[in-house]
Amino acid sequence: MKLYCLSGHPTLPCNVLKFKSTTIMLDCGLDTTSVLNFLPLPLVHSPRLSKLPGWSAKDGTLNLEKELKECAGRVFVDSQPEFCLPERELLDLSTIDVILISNYHCMMALPYITENTGFTGTVYATEPTLQIGRLLMEELVKFMERVPKAQSATSWKKKEIQRLLPGPLKDATDVWTWKRSYGMQEVNSALSKVQLVGYSQKVELFGAVQISPLSSGYSLGSSNWIIQSHHEKVSYVSGSSLLTTHPQPMDQSSLKNSDVLILTGLTQMPTANPDGMLGEFCSNLAMTIRAGGNVLVPCYSSGVIYDLLECLYQFIDSANLGTTPFYFISPVANSSLEFSQIFAEWLCHNKQSKVYLPEPPFPHAELIQSNKLKHYPSIHGDFSSDFRQPCVVFTGHPSLRFGDVVHFMELWGKSSLNTIIFTEPDFSYLDALAPYQPLAMKCVYCPIDTRLNFHQVSKLLKEVQPVHVVCPEQYTQPPLTQSHRSDLMLELQPPPMAYRRCSVLSLPFRRRYERVYILPEIANSLVPSEIKPGISVATVSAMLHSKDNKHTLLSVPKPPPAPPTKKRKRVMEEPPVGQAPKPLLSGAVPLEAFLALLQKNGIMEVKVEETAEGHILHLQAEDTLIQLEEDGTHIVCDNNEPLRTTLRDLVLRFLQKI
């Protein structure tokens with residue numbers, strides 16, 4: 001069993017498992033942190049960004065003024081933002097049989113994997129994962145396509161040039177593999193390969209293994225996966241949460257008795273308490289609005305925003321924010337809010353019960369009805385006429401490199417009355433703000449990450465007790481900035497097997513058994529013999545038939561009758577097709593009883609030597625050796641066949657024939 005790691009990002013994994021002749025890709029996350037190296041894409045012409053000076057080396061040896069721009073001491077690429085793809089050279093992607101998706105954040109690289117690679121397999125995901133994943137991809141494509149950039153920067157990627165650039169560009173990895181965003185044609189083609197599954201539904205792959213998704217408790221439709229054969233079990237845990245939020249709670253019991261547990265997608269903010277962050281978010285928002293300022297919340301169009309809106313729903317009246325307008329701006333804002341209300345069966349019990357009252361499971365439906373929350377596809381059109389300040393705006397992208405958020409950064413960044421509140425943990429807020437410096441608006445960092453922390457995962461692993469744990473190497477050591485915090489790493493016995501991008505692990509796990517089916521008529525002919533109390537054994541003569549990884553014992557065909565002929569033919573000795581097998585022997589030869597039997601049969605001079613495997617009996621007068629071992633008995637007797645036969649018969653008296 002082998003595991004190929006194609007991504008270096010622990011919360012945006014992409015691994016390939018080879019197990020029982022099947023090749024299974026586990027998630028295909030897209031590392032979007034690479035976009036932080038690029039200039040923002042403004043929806044409206046930005047004089048500030050257009051006037052940024054080009055960068056050239058101080059000694060004059062390197063001039064990349066057309067490709068690189070300088071802002072507040074940092075250098076950025078002036079081109080369409082590009083993404084760091086999963087490794088595509090480590091193995092042939094056309095050999096992948098299936099792709100298992102754990103949540104909608106971990107499928108953003110799907111079009112890069114399934115399109116133009118020869119992939120002909122099937123993708124498995126839950127319905128909310130597919131539908132919300134489609135929205136996030138559609139949003140990404142629209143963000144990019146509505147602000148096209150003519151020039152394409154490639155010179156800076158050359159190895160000999162990149163090493164001369166200032167950081168962090170100099171330290172960016174695998175830049176030659178970075179790619180621009182896909183289009184809607186690739187998105188639709190990739191998603192057409194998805195087959196929907198429900199929690200605990202069992203799907204058989206080629207008769208070799210069975211896959212089944214379990215609720216992971218992290219987001220709508222998020223899943224952990226069980227991959228098992230008749231005798232082996234692999235669990236894949238990715239992006240899970242034990243907190244009580246809107247999704248169905250995590251299914252932990254089904255992870256028990258795993259031979260291998262592959263662990264990814266732990267929290268990126270192990271020291272930040274999500275409840276504390278929500279409280280801080282609300283108090284900072286209220287403080288800014290009371291002071292007459294605006295609040296900007298860069299966020300994804302699905303996920304944490306549902307919890308933020310629910311928190312604000314409970315907070316608005318007590319904080320006297322009833323007249324403050326809340327705007328949600330995204331090309332898919334309307335679809336996202338509606339989808340969250342219709343996937344009732346994927347929600348926690350509390351929200352499911354509301355559907356039968358009937359009430360909308362999420363309170364943002366009430367906010368929309370009362371006109372406190374308004375949603376728009378972009379800043380153009382209706383939003384322009386409805387817009388009033390002070391207000392709260394939820395919009396994307398959290399990287400601040402594209403989307404409507406860029407316009408609000410340019411609009412509100414110069415006033416210290418305004419506040420930007422970061423709630424998504426995927427990006428460093430300092431790096432996100434870098435191309436907007438100097439910035440007057442206040443910045444608040446309230447990362448809300450509900451995924452498992454190290455304390456929770458250690459407790460989980462003690463309960464489910466897998467034989468082997470495999471995880472990214474980042475989880476086996478404390479963070480670089482907090483090297484003294486041994487509680488921010490996985491400490492297990494035995495230690496977990498760690499992987500990094502482009503590594504290939506041979507998992508310490510050997511298949512020992514295979515299931516074989518037997519026909520009723522063969523089973524009926526068996527004559528079991530009890531060799532130990534409760535254990536019976538029978539010999540069988542049959543023909544093994546294997547097809548689609550299923551093995552069946554068939555009756556041995558009888559030889560066809562010889563055709564009648566007048567001429568006499570020489571009789572050829574051929575072994576009969578259904579020849580009975582030699583009997584098998586079981587039991588042990590007790591030393592003392594065997595020595596007594598030898599003496600009774602006239603063999604007196606026996607020297608006994610003890611060995612690691614058993615005993616050696618030297619029959620001195622007969623010049624013969626008998627080796628008595630746990631799994632066999634050997635008689636070494638030269639040129640004395642009658643004696644060897646006699647000794648064999650004496651040994652057989654202690655053994656049982658099967």
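1. The chain in this predicted model is divided into three parts by the assignment used here: domain 1 (2–31 + 86–160 + 175–267 + 452–506), domain 2 (280–445) and domain 3 (585–657). Taken over C-alpha atoms, the centres of domain 1 and domain 3 are separated by 61 Å.

2. The largest pocket has a volume of about 1,700 Å³, and its lining is made up of 44 residues, of which His9, Pro10, Thr33, Gln268 and Gln474 lie nearest the centre of the pocket. Because domain 1 (2–31 + 86–160 + 175–267 + 452–506) and domain 2 (280–445) both give residues to this lining, the largest pocket lies between them. By class, the residues that line the largest pocket divide into 19 nonpolar, 17 polar and 8 charged.

3. The second largest pocket holds about 460 Å³ of space, and of the 23 residues that line it, Val589, Gly632, Thr633, Val651 and Leu655 are the closest to its centre. The elements that give two or more residues to the lining of this pocket are the strands β28 (585–586), β30 (614–619), β31 (624–629) and β32 (632–636), together with the helix α17 (641–652). The largest share of that lining comes from β32, which provides 4 residues. In terms of residue class, the lining of the second largest pocket has 10 nonpolar, 7 polar and 6 charged residues.

4. Turning to enclosed space, the model has 4 cavities of 30 Å³ or more. About 240 Å³ of space lies in the largest cavity, which is lined by 21 residues, the closest to its centre being His105, Tyr218, Val304, Glu424 and Ile448. The residues of this lining divide into 7 nonpolar, 9 polar and 5 charged. Domain 1 (2–31 + 86–160 + 175–267 + 452–506) and domain 2 (280–445) each supply at least three residues to the lining of the largest cavity.

5. The second largest cavity has a volume of about 210 Å³, and among the 13 residues that line it, those nearest its centre are Thr32, His105, Met108, Tyr300 and His397. A reader following individual side chains may note that His105 is listed among the residues closest to the centre of the largest cavity and is also named among those nearest the centre of the second largest cavity. The second largest cavity lies between domain 1 (2–31 + 86–160 + 175–267 + 452–506) and domain 2 (280–445), because both domains give residues to its lining. The residues of that lining divide into 6 nonpolar, 5 polar and 2 charged.

6. One sheet also deserves a comment. Three strands form an open sheet in the order β23-β27-β26, and the pairing within this sheet is mixed. The strands β23 (516–518) and β26 (543–547) stand at the edges and have a single partner strand each, so one side of each is left without a neighbour in the sheet. Neighbouring strands of this sheet are turned against each other by 30 degrees on average, with direction ignored.

7. Within the same sheet, β23 is joined by 3 bridges to strand β27 (residues 550–554), and these two strands run parallel. At the level of single residues, Tyr517 stands opposite Thr552 in β27. As general background, the strands of a sheet pair through backbone hydrogen bonds, in either a parallel or an antiparallel manner.

Note on methods:
Residues numbered from 1 in each chain as written. Predicted model: local features only at pLDDT ≥ 70, side-chain atom pairs only at ≥ 80, totals over all residues. Heavy atoms only, no water. 1 Å grid on protein atoms, 1.4 Å probe; cavity = no way out; pocket = protein on both sides within 12 Å on 5 of 7 lines; lining within 4 Å. Points joined across faces, edges and corners; volume = space filled by probe spheres on them. Nonpolar A, V, L, I, M, F, W, Y, C, P; charged D, E, K, R; others polar. Domains from an automatic or database assignment. Pairing = 2+ DSSP bridges. Axes fitted to C-alpha atoms, helices over the stretch in contact; angles between N-to-C directions.
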